[in-house]
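Work through the exercises below with the model open. Each task is followed by a stepwise solution.

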Amino acid sequence: MSIAPLAAVPSAHRPAAVFRGRIGRDARSGHYAVPHRYRLHLSTACPDGLRLAVGHSLLGLDGDCPVTLLPAVPDCPGGGHAALRPLYEASAHHYTGPALAPVLSDDWSGRIVSTHAPEILRDLDLLRHDGDARLYPSGLRSVIEAVERMCAQGIGEAAQRAGRAGAGADERAAALDALLDTLGRLERRLSGEEYLADDRLTAADIELWVSLVQLDTVHRCHLDAAAVHRIAGHRALWSYAGRLAAHPAFGRHLDLDGIARRHHGRCQGLEAAGAAVQILDWAVHAERATDVFRR
């Protein structure tokens, strides 16, 4: 797959991680890959939490790495969660910052391994020993990382700039052009392929799918109706999004009400006409995914 990478810059939506431990491949790493040792703490209303929940399901880690679900709307100042406070205080002496999610914790020590979502997803890959389901297959990491940068900058950050309150018309138009250019490149790729890389589900598909969920459930609320119609015109892209939403590992984790409540609790922008132009009926696809999962 040929995707021209964008320059890597820190996401404006992701605060700096307080803990960045890694799961290694052997006992000398301190945190090594072993079943039943680690636990995820996340909210699926949060984009990072949704990415991790989908990856966790695709890897089939329900029995090896339990998940503790957190409320959609953080219940502490600074976006923190009261349920995570004991873990943070056990992991950092006199910790006074917010207890942010997501968290990968070590049940053996009762401390935090990492709060850096991209690295957590990569490390969850190490908990699978059979090699049948890999989110980062050998030879595809550069492609996946290029898609991650495209989604962060060309979709998430561009959409936010395009709908930013107080921004000038020229600034919003340039941001919308950048967003549409990114969507167009992905549209061309998906017009002839089921998935983004090597005809298999990878972390690239998780990243793009969560970005499209955010684009339709959050960012479009601050765009005008004409812009949303242009975004919706990428038929292959939204067909792909709907197809994945009907997959049990994806759609059953969609908390549409939670996403809306989290957005309204954090957003300081003005609602625009695009809020009335839904691109995809996520609830229908999510219901199908849940039905398949229950069978």
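## Exercise 1: Nonpolar cores

The largest nonpolar core has 76 residues, and Leu208 and Trp209 touch the most other members. The model is a predicted one.

**Task.** List what Trp209 touches, leaving out residues up to four places away in sequence. Then find which residues a second, separate core includes.

**Solution.**
1. Start at Trp209. Its partners include Leu50 and Val54.
2. Move on along the chain. Trp209 also touches Ala241, Leu244, Ala245, Phe250, Gly251, Leu254 and Trp282.
3. Now leave this core. A separate second core holds 11 residues, among them Phe19, Leu70, Tyr88 and Ala99.

## Exercise 2: Placing Ala53

**Task.** State where Ala53 is found, whether Ala53 is buried or exposed, and which residues Ala53 is in contact with beyond four places in sequence.

**Solution.**
1. Locate the residue. Ala53 sits in helix H1, which spans residues 47–58.
2. Check accessibility. The relative accessible area of Ala53 is 7%. The cut-off for buried is under 20%, so Ala53 is buried.
3. Collect the contacts. Beyond its neighbours within four places, Ala53 is in contact with Leu42, Thr44 and His253.
4. Add a distance. Ala16 lies 37 residues from Ala53 in sequence, and their C-alpha atoms are 21 Å apart.

## Exercise 3: The second largest pocket

**Task.** Give the space in the second largest pocket. Then describe its lining by residue, helix and class.

**Solution.**
1. Take the volume. The second largest pocket holds about 250 Å³ of space.
2. Count the lining. There are 14 lining residues, and Ala162, Gly163, Arg172, His222 and Asp224 lie nearest the centre of the pocket.
3. Find the main contributor. Helix H5 (residues 169–190) gives the most to this lining, with 4 residues.
4. Sort by class. The lining has 9 nonpolar, 2 polar and 3 charged residues.

## Exercise 4: Cysteines

**Task.** How many disulfides does the count come to? Explain why Cys46 has no bond to Cys76.

**Solution.**
1. Recall the bond. A disulfide covalently joins the sulfur atoms of two cysteines.
2. Set the limit. The two sulfur atoms must be within 2.5 Å.
3. Test Cys46. The closest cysteine sulfur is that of Cys76, 15 Å away, so the pair is too far apart for a bond.
4. Test Cys65. Its nearest cysteine sulfur belongs to Cys46, at 17 Å, and Cys65 is in no disulfide.
5. Give the total. The count is 0 disulfides.
6. Check burial. Cys46 is buried at 11% relative accessible area. Cys65 also counts as buried, because its relative accessibility is 0%.

Definitions and conventions: Residues numbered from 1 in each chain as written. Predicted model: local features only at pLDDT ≥ 70, side-chain atom pairs only at ≥ 80, totals over all residues. Heavy atoms only, no water. Helix = DSSP H or I, 4+ residues; strand = E, 2+ residues; numbered from the N terminus. Buried < 20%, exposed > 50% of the residue type's maximum accessible area, 1.4 Å probe, protein only. Contact = heavy atoms within 4.5 Å. 1 Å grid on protein atoms, 1.4 Å probe; cavity = no way out; pocket = protein on both sides within 12 Å on 5 of 7 lines; lining within 4 Å. Points joined across faces, edges and corners; volume = space filled by probe spheres on them. Nonpolar A, V, L, I, M, F, W, Y, C, P; charged D, E, K, R; others polar. Core = buried A, V, L, I, M, F, W, Y, C linked by side-chain atoms within 4.5 Å.
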